[in-house]
Amino acid sequence: MKTPWYHRTSIYQIYPRSFYDSNGDGIGDLQGIIQKLDYIHELGFETIWISPFFSSPQADMGYDISSYTDIAPEYGTLDDALQLIQEVHKRGMKVVFDMVMNHTSIEHPWFKESRSSRDNPKADWYIWRDKPNNWQSITGGSGWHYSKERGQYFWSSFLPFQPDLNYRNPEVKKTMFETVCFWLDKGVDGFRLDIFNVIYKDAKFRNNPFSFKLIPTEDDPSGFFQEAKYNLNQPESFEFAKELRSVCDEFGERILLGEVSGDKSIIRTFLGDEVNNGLGLVFDFEMLSFQFNADYFRKLIERIETHFPNPFMPVYVFSNHDRHRSIHRLEGDLRKAKLLAMLQLTVRGVPCMYFGEEIGMTDLPQPFNTALDPVPHKFKFIPRFIFDLLGLLVNRDEVRAPMQWDGTRNAGFSSAEKTWLPVHGKYKEINVEIESKEDGSLLNTIRKLMKIRNEKTSLREGSLEILNGLPSGILGYQRKLKNENVTVLLNFSGQEKEFQFEFSESIFKLSDKDGAKEKAVRLKGFGGVIVK
Ligand code: GLC
């Protein structure tokens with residue numbers, strides 16, 4: 001069976017507000033993305049995923065939608081969206097929209113109607129209860145919010161202004177499937193599915209059991225002293241994944257990429273049964289808090305290979321619009337960033353890269369109390385150093401600063417007086433223009449690696465075998481497909497390593513000092529090679 005295209009693809013995430021501003025209002029837009037498509041194409045990525053740009057009060061920067069089929073004016077029009085789809089396809093690329101199915105904005109006409117009385121036609125479109133149970137929202141604190149109009153509480157998995165839709169109501173399901181079809185019909189290649197694992201909640205609203213856990217983690221979303229037993233990862237959500245898949249299958253091979261959380265066996269369940277009949281791909285956020293050493297990545301890959309064997313395909317992601325940028329976690333060390341990219345682009349899985357990672361953009365520290373992101377306002381009374389010690393990003397503005405295109409004003413992102421978020425002070429050193437000219441830059445390293453990935457079927461589709469017996473600090477794996485195979489050797493230590501290794505051809509070296517000497521491989525600190 002031929003693997004679906006989305007198992008062989010590579011994904012570049014665009015945060016539209018920060019990518020490129022074509023009309024000088026300080027906010028990125030759809031025409032801006034169109035203007036920069038050649039950049040992404042030339043970088044070598046096939047698929048772009050764009051964070052939401054639909055009508056929205058922007059209380060959660062577009063993850064609070066007030067119309068699923070209209071475009072927020074600051075981003076453009078429906079025609080711009082259609083043109084974007086066309087321009088992407090013209091270049092042989094794919095485009096993935098962000099579908100926030102779980103909740104709408106509190107400003108959505110559906111919610112306004114639902115809230116207006118207990119017996120209006122949309123009264124049951126959201127989750128209403130006379131009394132709250134003990135469930136906590138994902139951001140902490142009760143997710144139940146009182147509405148005076150109805151004298152009842154509505155449920156919000158995330159923030160109070162993002163009420164959850166009620167998927168137990170067949171009309172809601174039908175309407176959301178129609179929304180999905182609306183965009184598929186327009187040619188979109190699929191969706192990234194926002195907080196997909198909370199779509200269904202326990203039908204009986206049973207209280208969650210007590211847990212000693214305070215802070216939710218990637219592999220276990222329980223936290224705030226309760227086990228997230230009844231509000232997350234319900235069996236109906238796994239079934240829903242299959243239903244959604246069959247709706248999309250009507251349009252051909254379309255990608256469904258789930259934002260889910262839980263241990264690997266749970267997130268794997270969203271992909272359906274053995275034949276892979278659920279979502280096409282899921283994020284595995286464990287790796288967003290990676291430790292930079294060979295042993296960590298070896299074990300991570302082993303766990304992933306156990307849980308996502310063929311015909312499943314894992315996703316490798318190290319940054320997104322909600323978490324610290326990977327370079328921040330690498331303390332700005334570009335040698336490490338190149339090695340991490342080399343792993344991400346050669347391991348068995350779909351790489352998903354957040355805009356700006358390719359040039360090594362770093363976080364932009366910002367105070368909590370002036371944040372545009374609503375989350376830090378919830379936590380502004382807790383001293384920041386506590387979150388820093390725990391490695392948690394609270395103010396997501398810090399990873400959403402504008403793309404650094406060049407060394408001119410506003411990093412070439414916008415001609416406006418003021419950009420929606422400040423441009424990072426380091427833009428004169430870290431930008432696309434400068435790095436394009438420098439052969440060994442992170443950007444050019446990624447370009448070269450992407451080229452190899454796009455040429456070698458074994459890297460996109462082949463099996464993966466971890467090599468044993470390598471010196472400490474070295475991670476090595478072989479990728480194989482029929483009679484094509486390549487070996488990747490990565491030095492996660494800061495020391496130069498030289499060891500016996502037979503190969504016939506060197507395909508790529510991270511630095512000039514990496515390489516082969518007779519039957520030996522020499523890797524400088526944080527060096528890497530691809531050989532055959
Ligand atoms: C997801 C999005 C995040 C958003 C939240 C609520 O986690 O990635 O940005 O705030 O869902 O929609």
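Helices and strands here are DSSP runs, numbered from the N terminus. With that in hand, let's work through some exercises on this predicted model.

**Exercise 1. Find the loop that holds Pro-311, and describe the peptide bond that joins Asn-310 and Pro-311.**

Step 1: Look between α9 (294-307) and β12 (315-317); Pro-311 is found in the loop there.
Step 2: Check omega for the bond joining Asn-310 and Pro-311, which is about 5°. This peptide bond is cis.
Step 3: Set that against the usual case: most peptide bonds are trans.

**Exercise 2. Locate Asn-233 and give the sign of its phi.**

Step 1: Go to the loop between β9 (190-193) and α7 (235-249), where Asn-233 lies.
Step 2: Read phi for Asn-233: the value is near 50°, so the sign is positive, in a residue other than glycine.

**Exercise 3. Describe how helix α6 (residues 170-185) packs on α7.**

Step 1: Start with the geometry: the two axes are 10 Å apart, at an angle of about 40°.
Step 2: Classify the pair. Angles under 35 degrees would count as roughly parallel, and α6 is therefore oblique to α7.
Step 3: Add the handedness, which is right-handed for the crossing of α6 and α7.
Step 4: List the contact. From α6 come Lys-173, Phe-177, Val-180, Cys-181 and Leu-184, and from α7 come Phe-240, Glu-243, Leu-244, Val-247 and Cys-248.
Step 5: Sort the residues of this α6 and α7 contact: eight are nonpolar, none is polar and two are charged.

**Exercise 4. Do the same for helix α11 (residues 334-346) and helix α15 (residues 442-455).**

Step 1: The axes of α11 and α15 come within 10 Å and cross at roughly 15°.
Step 2: Because of that angle, α11 is roughly parallel to α15.
Step 3: The crossing of α11 past α15 is right-handed.
Step 4: On the α11 side, the contact residues include Leu-334, Ala-337 and Met-342; on the α15 side, they include Leu-442, Ile-446 and Arg-453.
Step 5: The residues of the contact between α11 and α15 split into nine nonpolar, one polar and two charged.

**Exercise 5. Describe the interface between domain 1 and domain 2.**

Step 1: Set the bounds. The domain assignment gives domain 1 as 9-101 + 170-205 + 229-449, and domain 2 as 461-531.
Step 2: The centres of the two domains, taken over C-alpha atoms, are separated by 30 Å.
Step 3: Count the partners: 21 residues of domain 1 are in contact with 22 residues of domain 2.
Step 4: Together the domains bury about 1,800 Å², 77% of it on carbon and sulfur atoms.
Step 5: Within domain 1, the most area is lost to domain 2 by Arg-298, Leu-339 and Met-342, together 31% of what that side buries.

Technical notes
Residues numbered from 1 in each chain as written. Predicted model: local features only at pLDDT ≥ 70, side-chain atom pairs only at ≥ 80, totals over all residues. Heavy atoms only, no water. Axes fitted to C-alpha atoms, helices over the stretch in contact; angles between N-to-C directions. Helix = DSSP H or I, 4+ residues; strand = E, 2+ residues; numbered from the N terminus. Parallel < 35°, antiparallel > 145°, perpendicular 65-115°, else oblique. Left-handed = near helix turned anticlockwise from the far one by under 90°. Contact = heavy atoms within 4.5 Å. Nonpolar A, V, L, I, M, F, W, Y, C, P; charged D, E, K, R; others polar. Domains from an automatic or database assignment. Buried area = accessible area lost by both parts, 1.4 Å probe.
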